[in-house]
Amino acid sequence: MKEKTILGLSFLGRRATNIDLFMYQKSIFNRQENLKKTKFTLNVQSCFKILLILNCSMTVGIYFATTTGKTEDIAERLHGLLDSAEGPKDISDVDDLSELAGHDGVICGIPTWNTGADSERSGTAWDSILEDIGELDLSGKKVAIFGLGDSSTYTENYCDAMEELHRYFQQAGASMVGYTAKTDYTFDESKSVVGEEFCGLPLDEDSESDMTDERLSGWAEKLKGEMF
Ligand SMILES: Cc1cc2nc3c(=O)[nH]c(=O)nc-3n(C[C@H](O)[C@H](O)[C@H](O)COP(=O)(O)O)c2cc1C
C-alpha cells in the first residue's frame, strides 16, 4: 500500500490574482521513500482561506489553582466564553510544565491567600512552580492572567499574586496580554498594578460578585482580539 504525506508548501511567485506554490509530498511504497514536488496555482482568495484555517488551529490552554474553588469556577465560566480554548485544568495535575509551551496561548487563574507576602503570594500550587515557569522558553507565546481576591477585606493587597506569576511568565519570554484598567475597581494597594494598569484581570467573588459577569465577558472579548 502507498502512503502519502504532505510535507509543506513553498511560495513560488505571484501573477495578477493567482499565487504559484510548490507542494512537497513524501510517499512510501514498499518501504521506499519518494519526495515529489508539484507546482500548483491558487487564487488569492483561496490562499487567504487557507491562512484563516491555519490561524484557527492555534491552541490556547486555561490553567488554574484554587483553595476554595472560586478560581476553578471562574476558569470554567471563562471557558464557556472562549470555547475554542482547552481546559480548564488544575495546574497541580500538570506533570510536565513543558505542556504550557505546547500551546500558542496560555490563560492562568491565580487566587491570593498569603496576605502581604513578597513571594509565594498565592498559597496554591502556583507557588512551587514559579521558578520552573521562569526557566521555560515561551518566546512567541501569549499569556494572560486572571486573579481572584477580596478588594474589601484585603484592600491593601488586592490580588497581589497576579504580579508574581506575571513576572515569571515574562522571564520565560512570553508576551503578556489581557491587562485591565484599574479605574473600575475600589481598593487601596495592589502589587498587581504594573505601570497604570492591572497586569491581568482581577475578580472579586467575595465582595463584588455581581460585577464578575460583566468583567469576565469584557475580558474574554479583549482576549479574542489579543490572543486568538
Ligand atoms: C486567610 C485569607 C487571606 C486572604 N488574603 C487575600 C489577599 O491578601 N488579597 C486578596 O485580594 N484576597 C485575599 N483573600 C481572598 C481570597 O483570595 C478569595 O477568597 C479568593 O476568591 C479565593 O480563591 P480560591 O477559592 O480559588 O482559593 C484571602 C482570603 C483568606 C480567607
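Tyr-63 of strand 4 has Lys-89 as its bridge partner in strand 5. Strands and helices here are DSSP runs, strands (E) of at least two residues and helices (H or I) of at least four, numbered from the N terminus. Two strands count as paired if DSSP finds at least two bridges between them. The model is a predicted one: local features need pLDDT of at least 70, side-chain atom pairs count only at pLDDT 80 or more, and totals for chains, interfaces and linings use all residues. Residue numbers start from 1 along each chain as its sequence is written.

**Strand 4 and its neighbours**

Strand 4 and strand 5 (residues 86–90) run parallel and are joined by three bridges. Between them the chain passes through helix 2 (residues 70–81), and this β-α-β crossover is right-handed. That term applies if, with the strands pointing away from the viewer, the path from the first strand over the helix to the second runs clockwise. Strand 4 also pairs with strand 6 (residues 105–111), in the parallel sense and over five bridges. Here Val-60 has Gly-105 as its bridge partner in strand 6.

Strand 4 (residues 60–64) is largely enclosed by the rest of the structure, because four of its five residues are buried. A residue is buried if 20 or more other C-beta atoms lie within 10 Å of its own, exposed if 12 or fewer, and partly exposed in between, with C-beta atoms placed from the backbone.

**Core and chain totals**

The chain has six helices and twelve strands. Of its 228 residues, 33% are buried. Contacts are counted where two C-beta atoms, placed from the backbone, lie within 7 Å. Among contacts between residues at least 6 apart in sequence, 67% join residues at least 24 apart.

The largest nonpolar core holds 44 residues, and those with the most contacts inside it are Ile-107, Cys-108, Ile-110, Val-143, Ile-145 and Leu-165. Such a core is a set of buried Ala, Val, Leu, Ile, Met, Phe, Trp, Tyr and Cys residues joined through C-beta atoms within 7 Å. Elements that give two or more residues to this core include strand 4, helix 2, strand 6, strand 7 and helix 5. Ile-107 touches Val-60, Ile-62, Leu-78, Ala-85 and Ala-144, leaving aside residues up to four places away in sequence.

Helix 5 is mostly covered, with eight of its eleven residues buried. Leu-165 and Phe-169 are among these buried residues, as are Glu-163 and Glu-164. The buried residues of helix 5 pack against strand 6, helix 4 (130–134), strand 7, strand 8 (175–177), strand 10 and strand 12.

**Tyr-154 and the ligand**

Tyr-154 is in the loop between strand 7 (142–148) and helix 5 (161–171). Tyr-154 counts as buried because it has 22 C-beta neighbours inside 10 Å. Its contacts, not counting residues up to four places away in sequence, are with Thr-115 and Gly-149. Glu-189 is 35 residues from Tyr-154 in sequence, and the two are 9.0 Å apart in space, C-alpha to C-alpha.

Twenty residues surround the ligand, and Thr-68, Thr-71, Pro-111, Gly-149 and Tyr-154 come nearest. A residue is near a molecule if its C-beta atom, placed from the backbone, lies within 6 Å of it. The shell divides into six nonpolar, nine polar and five charged residues. Ala, Val, Leu, Ile, Met, Phe, Trp, Tyr, Cys and Pro count as nonpolar, Asp, Glu, Lys and Arg as charged, and the others, Gly among them, as polar.

**The sheet with strand 11**

An open sheet of three strands has the order 9-11-10, with antiparallel pairing. Strand 9 (180–181) and strand 10 (193–194) stand at the edges with a single partner strand each, so one side of each has no neighbour in the sheet. Two bridges join strand 10 to strand 11 (residues 197–198) in the antiparallel sense. Val-194 has Glu-197 as its bridge partner in strand 11.

**Backbone exceptions**

Most residues other than glycine have a negative phi, and most peptide bonds are trans. The table lists two residues with a positive phi.

| Residue | Phi | Place | C-beta neighbours inside 10 Å |
|---|---|---|---|
| Glu-120 | about 50° | loop between strand 6 and helix 4 | 15, partly exposed |
| Cys-159 | near 50° | loop between strand 7 and helix 5 | 31, buried |

Gly-173, which follows helix 5, has a positive phi near 90°. The peptide bond from Gly-87 to Pro-88 is cis, with omega near 0°, and Pro-88 lies in strand 5.
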